[in-house]
Amino acid sequence: MSVLLSIHELKFAFSHRVLFEGLTFSISQGEKIALIGRNGAGKSTLLKILCGQVDADSGTVARSRGLITGYLPQTPELDPDLSVRDTVYQGVRNEEDWAAVGAAEEAISRLSLNADAKVGSLSGGWKKKVALARELARNPDVLFLDEPTNHLDVESILWLEDYLRASSKSLVIVSHDRAFLNRIVNRTIEVDRRNPGGILSVDSGYDDFLKVKEEYLEAQASREESLKNTLRREIEWLKRGAKARTTKQKARIDRAEALKVEVQDLGVKNRDHSVKLEWESSERSAKKLVEMKGVSKSYGDQVLIRGLDLLITPRSRIGLIGRNGTGKTTLIKLIAGVEAPDSGEIKRADSLQVLYFEQNRETLDPNVSVLRTVCPYGETVEFQGKKLHVRSYLDRFLFSGPDVDVLVGKLSGGEQARLLLARLMLRPANLLVLDEPTNDLDFQTLGVLEDCLEEFPGAVILVTHDRRFMDEVCNQVISIPEYIQFSDLNQWEKWFRANLFGSGTKRVANGTVSGVQSETLTSGVGAGTTKKKKLSYKEQLEFDKMESVILEKETRIAELEAESGKPELLTNSLKLTELTREMGELQAEVERLYARWAQLEGKTAP
């Protein structure tokens, strides 16, 4: 394979902070590269340097003769007065280049763009599509993509995956969408100053890269331990008596000093730099947190939601997926109480406490510092009933030292997402409504957030383009606007590709589509136009007894909790283990019963 770009000893600093230095690698024809790293590692800056948008402080970027590059930034800059078609055709260098013209028209069609619309009238998500279409029209040799899936709907993401996978173009992609990367890339480069030479390059997709990275970290930790032992022996030798000191060799003293520096360096590299996330749950939740009956919502002449029924109980984990503009964000705003329905009824439990993570982070003031965003007054915050110094609290979210005085508007997208999480986690909740919480978050933070949501005892409603994240967090997926329920994203994608992908129409009949079994949402969610199924005789008997069965098991859990708190049992580990096991089994059974109750109740709804 011929080398298209060659990078040697690149260095770039932002003010006093060095983002990266000594980077050396090359990009060959046909390579599809994932460029990954923590928030603030300099990935977007490196991408701009590679495509010629920004100059490095030092080092070289050598490009092959006649190389054509395309670059999609996170936030594209477009002329608001141009039409969509004129903007896309900016990427066509020669209008007699029919391949480029064809690529432009295909991108306009596949991304469902209104070619005659003015760019200034479009939302941020649609502008991203227009910018993407323009770069595809360039027919570049190397395409640089910075978070290409942010704000794209699922249909556009699937089309882009298929297009890039089949393309012979070389790609360099900065993305936190792990499913997207796994389906496309054949090489992964991690930018991290703790790696030798500032990068770790592996010829594989993201999942295989993780295995190599884990082995590398284990080897590095073992080396640190080995060097510590060697350093300890050297120090003991140096501390021997006067007779020994007269025979010390200067080389051995220098070696001990070098060992000390290397051990300190490895200690910094091996230290855990993960964000610490923990939602504070409110007191015991009601059986029904939110119940929607016959809810409809329109904007002007556009009906987004019609006759919707929805029941949310504790431990619900509902992922909403569908095209842009079909009502996902509208639905979660209705659930969160941010907006009111045009018709229908929404009942919320008296104990309901909702935390809402908004997609555009509009509640963050760009002119306020990180510290004052979390703590407007004073120097302490209350977290889970305890007073903490605000700087200590922010350190959990990787804001430390001078970082806490930086204005919000100067933060990267991932840093703003972490800051919003930091502010939300100061409040208790039993319902989390999360609208694109994964945008710009690095992989380490995504993993911690997944674990955190798994442990949260309340309910979670999630909208995200990150399919891996949704699969890890949710136990049901709802396709919007069809309101069909799926057990996981794999099942949903089979149905989607068979029935909706690229068609612009929906073909749904009785919840069964092209051999893929799904459940039309009568179990807590359902479109008003969907005919309800009646309970069978056996189901009616089960439904009639459900509440008393749940009450019986919850009473037993309360008894076990009281018993386990008795002072005489604190030293009886065997008995405590037995009680804990029984409580766990009962709690799991209660959660299953609630889900089944919601399913049966949905069938009886008028």
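1. A residue is called buried when its relative accessible area is under 20%, and partly exposed when that area lies between this limit and the 50% over which it would be exposed. The model discussed here is a predicted one, and the cut-off is worth stating at the outset because Lys297, at 9% relative accessibility, falls under it and therefore counts as buried.

2. Lys297 may be taken first, together with its partner. The side chain of Lys297 meets that of Glu339 in a salt bridge, with an N to O distance of 3.9 Å, a value to be read against the 4 Å limit within which such a pair is counted. Since Lys297 belongs to strand β10 (residues 290–299) and Glu339 to the loop between α10 (328–336) and β13 (343–348), the pair ties together parts that are 42 residues apart in sequence. The burial of the two partners should be stated separately: Lys297 is buried at 9%, whereas Glu339, at 21% relative accessibility, counts as partly exposed.

3. By the rule applied, the structure holds 20 salt bridges. Five residues, namely Glu161, Asp177, Arg183, Arg467 and Glu493, are linked in a network of such bridges, and Arg467 is the member of the network that the next two points examine.

4. Which residue forms a salt bridge with Arg467 with the closest N and O atoms 2.3 Å apart? The partner is Glu161, and because Arg467 lies in helix α15 (residues 467–473) while Glu161 lies in helix α5, the pair ties together parts that are 306 residues apart in sequence. Arg467 also meets Asp177, side chain to side chain, in a salt bridge of 3.8 Å from N to O. Here Asp177 sits in the loop between β7 (170–174) and α6 (178–184), so that this pair ties the loop to α15 across 290 residues of sequence.

5. Is Arg467 buried or exposed? With a relative accessible area of 6%, Arg467 is buried; Glu161 is buried as well, and the same holds for Asp177. Leaving aside residues up to four places away in sequence, Arg467 touches Ile157, Leu158, Glu161, Asp177, Ala179, Phe180, Arg183 and Leu489, a list that includes both of the salt-bridge partners described above, Glu161 and Asp177.

6. Helix α1 (residues 43–50) deserves a separate remark, because six of its eight residues are buried and the helix is therefore largely enclosed by the rest of the structure. The buried residues are Lys43, Thr45, Leu46, Leu47, Ile49 and Leu50. After α1 comes Gly52, whose phi is positive, near 85 degrees.

7. Two backbone angles may merit a reviewer's attention. Most residues other than glycine have a negative phi. Asn139, although not a glycine, has a positive phi of about 50 degrees, and Glu147, which is not a glycine either, also has a positive phi of about 50 degrees. Asn139 is placed in the loop between α4 (124–137) and β6 (142–146), while Glu147 lies in the loop between β6 and α5 (154–166). As to their surroundings, Asn139 is partly exposed, with a relative accessible area of 35%, whereas Glu147 is buried, with a relative accessible area of 1%.

Conventions
Residues numbered from 1 in each chain as written. Predicted model: local features only at pLDDT ≥ 70, side-chain atom pairs only at ≥ 80, totals over all residues. Heavy atoms only, no water. Helix = DSSP H or I, 4+ residues; strand = E, 2+ residues; numbered from the N terminus. Buried < 20%, exposed > 50% of the residue type's maximum accessible area, 1.4 Å probe, protein only. Contact = heavy atoms within 4.5 Å.
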